[in-house]
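Reader: I would like a careful look at the open pockets of this model and at whatever occupies them. Please take the smaller site as the starting point and work from there towards the ligand.

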Amino acid sequence: MDSALTWVPAELLLGGHEKPAASGRRFAVHNPATEEILLEVADAGPDDAAQAMDLAAATQADWSATPPRQRAEILRRAYELVEHHRDRFALLVTLEMGKPLAESHAEVSYGAEFLRWFSEEAVRINGRYSAAPSGNGRILVTKQPVGPTLAITPWNFPLAMGTRKIAAAVAAGCTAIVKPAPDTPLTMLFLGSVLAEAGLPDGVLSVLPTMDAAALTAPLLADRRLRKLTFTGSTAVGKSLLAQAAGKVLRTSMELGGNAPFVVFADADIDAAVEGALAAKMRNGGEACTAANRIHVDNAVRDEFTEKLTARMAKLNVGDGTRPGVDVGPLINERQCSKVGELVDDAVGKGAALLLGGRPEPGRGYFYPPTVLSEIPSDARLLTEEVFGPVAAIAGFDGETAGVAAANATEYGLAAYIYTRDLDRALRVAEQVESGMVGVNRGVISDAAAPFGGIKESGLGREGGAEGIEEYLETKYIALA
Ligand code: NAD
């Protein structure tokens with residue numbers, strides 16, 4: 001079963017070719033379910049970054065001149081290859097990240113879809129031609145690739161966070177250097193080799209895993225040849241990268257942290273809301289930026305909702321994601337496990353009622369049980385900090401205005417969920433909620449064909465949808481006589 005590991009190039013991928021790190025250093029990637037070492041991979045440093053930058057810069061002109069149809073067909077082949085290797089990709093995701101195999105398969109579908117979607121978008125990069133209103137000349141507007149791009153990805157969706165950036169950059173005609181998260185570089189290395197097999201020319205893509213992110217990215221961000229930074233990760237790291245990017249006025253796309261409210265109004269279909277909350281909370285074991293972090297329920301239906309959600313959460317099986325019947329895998333690492341425990345203890349210490357779970361599972365692996373807390377006090381850290389774990393935090397409210405106010409009481413603005421049977425209320429509240437994405441009567445919203453992204457401190461820009469490719473394009477105005 002672990003033979004998926006034999007498909008992973010364990011060196012750096014420089015311009016598509018395997019190469020050991022200049023320093024000769026390697027680092028171990030662990031299975032969070034067993035704490036065992038899966039593989040040791042090359043550990044990139046500043047010298048490797050410089051080499052990747054040389055390649056990206058040298059290849060940029062040729063790559064942007066490559067016909068869009070050709071770029072599209074490479075992405076389409078990559079989509080087919082990811083599907084061909086579906087079982088291997090899914091197993092790798094489960095082995096290095098921990099989510100159950102069924103969820104890894106869902107990620108493979110989602111991740112592969114970005115390759116297909118952007119293969120279709122590559123040939124629809126349009127400009128416009130118009131007469132100047134004054135009659136004085138013509139206005140020609142065209143789009144050009146931004147240029148060499150640095151992509152930094154998190155560990156929670158090891159495949160999809162890569163394809164969402166790489167496919168858009170490649171479709172637009174940008175070369176790219178990808179720095180995967182140190183917990184989960186294996187899927188990205190395999191993806192890099194699949195893109196090379198799909199025909200991506202030498203030099204277009206480098207994949208550089210590293211244990212020292214800042215040492216690798218700081219010189220790249222200071223290099224005048226880099227033209228774009230796309231980052232998915234925490235708001236704190238995003239802010240520090242934005243400050244560095246300001247030095248060269250780099251184009252940036254920032255997919256940052258979330259603190260999604262899940263708001264259940266009194267008129268909601270409670271059974272549907274419970275299923276939606278389970279999906280919004282427990283997808284990826286709660287380790288999703290779109291995860292329902294705060295569940296706000298109208299006090300008129302709070303008891304019924306809480307009882308039913310607790311009963312559903314209690315039935316979830318926790319264990320090694322490679323085993324059949326497992327619903328919830330381990331958290332990514334010990335640090336994450338302690339952080340979840342700390343936030344739960346903080347809420348309970350301040351008066352929240354612990355209805356389920358609440359203690360890390362003893363033994364090997366970073367397991368934390370599905371946990372339900374209700375009567376969350378307003379000063380609990382859980383209401384303002386992203387828990388990134390299987391913890392459902394339920395708080396009550398009275399009436400629509402209070403529900404909207406509760407949803408918006410955060411500096412984040414990525415996803416929000418609302419449950420109501422009233423269409424007028426659904427649209428009214430969806431418009432008032434301060435987030436980039438709103439799920440109405442559904443708990444899972446991600447779609448390669450839709451613009452994914454946040455407002456407020458959740459980020460800048462959008463990934464996926466027709467908007468996604470724009471992040472990698474510059475607009476040029478040519479004034480014609
Ligand atoms: P993180 O910010 O710690 O790390 C993200 C990436 O940044 C990793 O590759 C990491 O190695 C790198 N990094 C860390 N410090 C760096 C530095 N100083 N310089 C350069 N790179 C650095 O986040 P994480 O723990 O990997 O991921 C979880 C976070 O990501 C959560 O906050 C989650 O909400 C967010 N996330 C957001 C989205 C989204 O689309 N908005 C999607 C997934 C995850």
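Author: The second largest pocket is lined by 13 residues, and those nearest its centre are Ala28, Val29, His30, Asp183 and Asn333. This is a predicted model, in which local features need pLDDT of at least 70 and side-chain atom pairs count only at pLDDT 80 or more, while totals for chains, interfaces and linings use all residues. Residues are numbered from 1 along each chain as its sequence is written, and side-chain values use heavy atoms, with hydrogens and water left out. A pocket here is an open set of points on a 1 Å grid over the protein atoms alone, where a 1.4 Å probe fits, with protein on both sides within 12 Å along at least five of seven lines, and a lining residue has an atom within 4 Å of a point.

Strand β3 (residues 26-30; a DSSP run of E, at least two residues long) gives the largest share of the lining of this second largest pocket, namely 4 residues. By class, that lining divides into 8 nonpolar residues, 2 polar ones and 3 charged ones, with Gly counted as polar and with Asp, Glu, Lys and Arg as charged. About 200 Å³ of space lies in the second largest pocket (the space filled by probe spheres set on the grid points).

In the largest pocket, by contrast, about 960 Å³ of space is found. That pocket is lined by 38 residues, and Pro154, Trp155, Gly233, Ser234 and Val237 are the closest to its centre. Helices α7, α8 and α11 (334-349), together with strand β10, each supply at least two residues of the lining of the largest pocket, a helix being a DSSP run of H or I of at least four residues. The largest share, 6 residues, comes from α8. The classes in the lining of the largest pocket are 17 nonpolar, 13 polar and 8 charged residues.

The ligand sits in the largest pocket, in the sense that more than half of its atoms lie within 2 Å of the pocket's grid points. Two or more residues of the shell around the ligand come from each of α5 (160-172), α7 (213-222), β10 (228-232) and α8 (235-246). For this shell the largest share, 3 residues, belongs to α7, whereas for the lining of the largest pocket the largest share belongs to α8. In all, 29 residues surround the ligand (each with a heavy atom within 4 Å of it), and Thr153, Ser234, Leu256, Cys289 and Glu386 are the closest. The shell is made up of 17 nonpolar, 8 polar and 4 charged residues.

Three polar contacts (pairs of N or O atoms within 3.5 Å) can be followed one by one. At Glu386, an N or O atom of the side chain lies 2.4 Å from an oxygen atom of the ligand. At Leu256 the partner is a polar backbone atom, 2.7 Å from a nitrogen atom of the ligand. At Trp155, a side-chain N or O atom is 3.0 Å from an oxygen atom of the ligand, and Trp155 is also one of the residues closest to the centre of the largest pocket.

Technical notes: Polar contact = N/O pair within 3.5 Å; in protein donor to acceptor, adjacent residues only side chain to side chain.
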